[in-house]
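Reader: I've got a sequence and a model open on my screen, and I'd like to talk them through. Could you walk me around?

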Amino acid sequence: MKPTPVSLVKELEELAKLPTKLPSESEAAFDTWLEGLLTRRGWTWKHDRPARTKDSWRTAISGKKGFPDYPACRGDRFILIETKSEAGKLSQDQLEWREILEKIPGIEYYLARPSDRAEIERILF
């Protein structure tokens, strides 16, 4: 049956009510994907996970806060990956670490977001 102009208008009205973009993926979900990729590609990696306390979430560390989420090595490569959601922003401590680390020859620093998946797969070849 051929749609009528009225049915097409109604369909367009219904489509207009749908969200214009997909919901953002959480940083935690993206981290899970990245960990699987690092493992499948043979990288040795580390990631600190926060723990629940009585009042909040905490990650026990010593030294300066803000170090990248994923140090990883394979062969003669050492990379550091900071993950963020699409809207996530680097903290001042993370910005300072990035500035320090990007000056060191041979260290690869990456800021990775869910929309960067194809590039990350290329980097972790």
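Author: Sure, and keep in mind that this is a predicted model. Let's start with one residue, Ser85, and work outwards.

Reader: Is Ser85 buried or exposed?

Author: Ser85 sits in the loop between β5 and α3. Its relative accessibility is 19%, and the cut-off for buried is under 20%. So Ser85 counts as buried.

Reader: Which residues does Ser85 touch, if I skip those up to four places away in sequence?

Author: Setting those neighbours aside, look for the partners on both sides of Ser85 in the numbering. They are Glu25, Glu27, Arg113 and Pro114.

Reader: Let me zoom out. What pattern do the helices and strands follow along the sequence?

Author: The protein has four helices and six strands. Read along the sequence, they give α-α-β-β-β-β-β-α-β-α.

Reader: In what order do the strands of the four-stranded sheet line up?

Author: Build it up pair by pair. β1 (residues 44-45) and β4 (residues 70-74) run antiparallel, with two bridges joining them, and β4 pairs with β5 in the antiparallel sense over five bridges. β5 (residues 77-83) then pairs with β6 (residues 107-112) in the parallel sense over six bridges. That makes an open sheet with mixed pairing, in the order β1-β4-β5-β6.

Reader: Which strands stand at the edges of that sheet?

Author: Look for strands with a single partner, because these have one side left without a neighbour in the sheet. The two that fit are β1 and β6.

Reader: I'd like to check the register. Which residue of β5 is the bridge partner of Arg74?

Author: Start one pair over, where Cys73 stands opposite Phe78 in β5. Between β4 and β5 there is a hairpin with two residues between the strands, and Gly75 there takes a positive phi near 60 degrees. In β5, the partner of Arg74 is Arg77.

Reader: And across the other pairings, which residue of β6 is the bridge partner of Glu82?

Author: On the β1 side, Trp45 has Ala72 of β4 as its bridge partner. Over on the parallel side, Glu82 is matched in β6 by Leu111.

Reader: Back to Phe78. Is it buried or partly exposed?

Author: Phe78 has its place in strand β5. Its relative accessibility is 33%, while buried would need under 20% and exposed over 50%. So Phe78 counts as partly exposed.

Reader: How far apart in space are Phe78 and Gly106, C-alpha to C-alpha?

Author: Beyond its neighbours within four places in sequence, Phe78 is in contact with Pro71, Ala72, Cys73, Gly106, Ile107 and Glu108. Gly106 is 28 residues away from Phe78 in sequence. In space, the C-alpha atoms are apart by 7.4 Å.

Reader: What share of the contacts with a separation of 6 or more comes from residues 24 or more positions apart?

Author: Phe78 and Gly106 are one such pair, being in contact and 28 residues apart in sequence. For the protein, the share from residues 24 or more positions apart is 67%.

Reader: What handedness does the unit of β5, α3 and β6 have?

Author: Follow the chain from β5 through helix α3 (residues 92-101) and on to β6. Together they make a β-α-β unit, and it is right-handed.

Reader: Which residues of α3 are buried, and what covers them?

Author: The buried ones are Gln94, Trp97 and Leu101. They span an arc of only 60 degrees around the axis, so they lie on the same side of α3. What covers them includes β5 and β6.

Reader: Now the hollows. Which elements give two or more residues to the lining of the largest pocket?

Author: The largest pocket has a volume of about 630 Å³. It is lined by 22 residues, and Thr59, Gly66, Phe67, Asp69 and Gln94 lie nearest its centre. The elements giving two or more residues to that lining are α2 (27-40) and α3.

Reader: What about closed space: which elements each supply at least two residues of the lining of the largest cavity?

Author: A search of the whole structure finds one cavity of 30 Å³ or more, and the largest has a volume of about 40 Å³. Its lining is Ile81, Tyr110, Ala112, Ile120, Ile123 and Leu124. The elements that each supply at least two are β6 and α4 (117-123).

Methods:
Residues are numbered from 1 along each chain as its sequence is written. This is a predicted model: local features need pLDDT of at least 70, side-chain atom pairs count only at pLDDT 80 or more; totals for chains, interfaces and linings use all residues. Side-chain values use heavy atoms; hydrogens and water are left out. Two strands pair if DSSP finds at least two bridges between them. A crossover is right-handed if, with the strands pointing away from the viewer, the path from the first strand over the helix to the second runs clockwise. Buried means under 20% relative accessible area, exposed over 50%, partly exposed in between (1.4 Å probe, protein chains only). The arc is that of the directions from the helix axis to the C-beta atoms. Contact means heavy atoms within 4.5 Å. On a 1 Å grid over the protein atoms alone, a cavity is a set of points where a 1.4 Å probe fits but cannot get out, and a pocket is an open set with protein on both sides within 12 Å along at least five of seven lines; lining residues have an atom within 4 Å of a point. Grid points are joined across faces, edges and corners, and a volume is the space filled by probe spheres set on the points.
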